Amino acid sequence: MKRLLTLFAFLTTAAFAGEPASIAPGLSPDVKPWQQNSIDLEVGYLWKVGGDTPLDYESAPVMLSWRPAYMMHHVFEDGSAIVVRSRFAAIGQAILQGPENHYFGFMAAPSLEYWDATGTWSVYGQLGGGLGWIDSQGVTGGQGQDLTYNWFAAAGVSYAVAENVDLRLGAMFQHLSNQGATDPNPGLNSLGVTLGVTWSF
């Protein structure tokens, strides 16, 4: 976890090396944040909160996401907006406690976002899923095969700290299982926190 936080601190320090925006960080007069493409780099820490497995699990996901410009939106009279965007992500996850060592996969979800009128901060929620590969070990209570599906729910806030750069703080729920491909099917439910940085262009 310490290594992940060190990496995150390095990346955010590099991102903020330029001059901050003079007004309304992250927002130009003509382009709203949700009209841009966004790349999110997030790290997290998840703890087991349920599932069929009797084993204790802790894991540290690293997610690289792309959110294209909005699909649908509604702008209120005060200039704030509700926006629906897509989110496509690759995930690499270190299994810090549990029989497996790592999980690599892909996820997709709609991203529902509320933006304030200045485009400086937002609140988001996401619900989606995907699939990936875990190094199953054949241990009772561990994942039954390498091909493992995921679904997740995430929510959080983002805040612009420089032009086209936002910080993100969120919570994430994750489910891993093989959809009954093996018997037993020891699904794993985990919950934790995420920290991230966003670059918009």
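Which residues line the largest cavity? I began with this point, working on a predicted model in which local features need pLDDT of at least 70 and side-chain atom pairs count only at pLDDT 80 or more, while totals for chains, interfaces and linings use all residues. Residues are numbered from 1 along each chain as its sequence is written, and side-chain values use heavy atoms, with hydrogens and water left out.

**Entry 1: cavities**

I looked up the cavities and found three of 30 Å³ or more. A cavity here is a set of points on a 1 Å grid over the protein atoms alone where a 1.4 Å probe fits but cannot get out, and lining residues have an atom within 4 Å of a point. Grid points are joined across faces, edges and corners, and a volume is the space filled by probe spheres set on the points. The largest cavity holds about 60 Å³ of space. I listed its lining as Glu 42, Met 63, Arg 87, Tyr 124, Gln 126, Ala 154, Arg 168, Ala 171, Met 172 and Thr 194.

By class, I noted five nonpolar, two polar and three charged residues in this lining. For these classes, Ala, Val, Leu, Ile, Met, Phe, Trp, Tyr, Cys and Pro count as nonpolar, Asp, Glu, Lys and Arg as charged, and the others, Gly among them, as polar. Strands S6 (121-134) and S8 (165-177) each supply at least two lining residues, and S8 gives the most, with three. Strands are DSSP runs (E, at least two residues), numbered from the N terminus.

**Entry 2: strand S8 and its partners**

I next followed S8 to its neighbours, taking two strands as paired if DSSP finds at least two bridges between them. Strand S7 (residues 147-162) runs antiparallel to S8, and 13 bridges join them. Within this pair, I found Ala 155 opposite Ala 171. S8 also pairs with strand S9 (residues 188-200) in the antiparallel sense, over 12 bridges. There Phe 173 of S8 stands opposite Leu 191 of S9.

S7 and S8 form a hairpin with two residues between them. I checked the turn and found that Asn 164 has a phi near 65°, a positive value in a residue other than glycine. Most residues other than glycine have a negative phi. Asn 164 counts as partly exposed because its relative accessibility is 25%, and the class runs between buried (under 20% relative accessible area) and exposed (over 50%), with a 1.4 Å probe and protein chains only.

**Entry 3: Asn 178**

Is Asn 178, in the loop between S8 and S9, buried or exposed? Asn 178 is buried, because its relative accessible area is 2%. Leaving out residues up to four places away in sequence, I found it touching Gly 144, Gln 145, Leu 147, Tyr 149 and Asn 185, where contact means heavy atoms within 4.5 Å.

**Entry 4: the core and Met 63**

I then examined the largest nonpolar core, a set of buried Ala, Val, Leu, Ile, Met, Phe, Trp, Tyr and Cys residues joined through side-chain atoms within 4.5 Å. Of its 15 residues, Met 63, Ile 91, Tyr 103, Met 107, Phe 152 and Met 172 touch the most other members. S4, S5 (102-115), S7 and S8 each supply at least two residues of this core. Beyond four places in sequence, the contacts of Met 63 include Glu 42, Arg 87, Met 172 and Thr 194. I noted that these four also appear, with Met 63, in the lining of the largest cavity.

Conventions. On a 1 Å grid over the protein atoms alone, a cavity is a set of points where a 1.4 Å probe fits but cannot get out, and a pocket is an open set with protein on both sides within 12 Å along at least five of seven lines; lining residues have an atom within 4 Å of a point. Helices (H or I, at least four residues) and strands (E, at least two) are DSSP runs, numbered from the N terminus.
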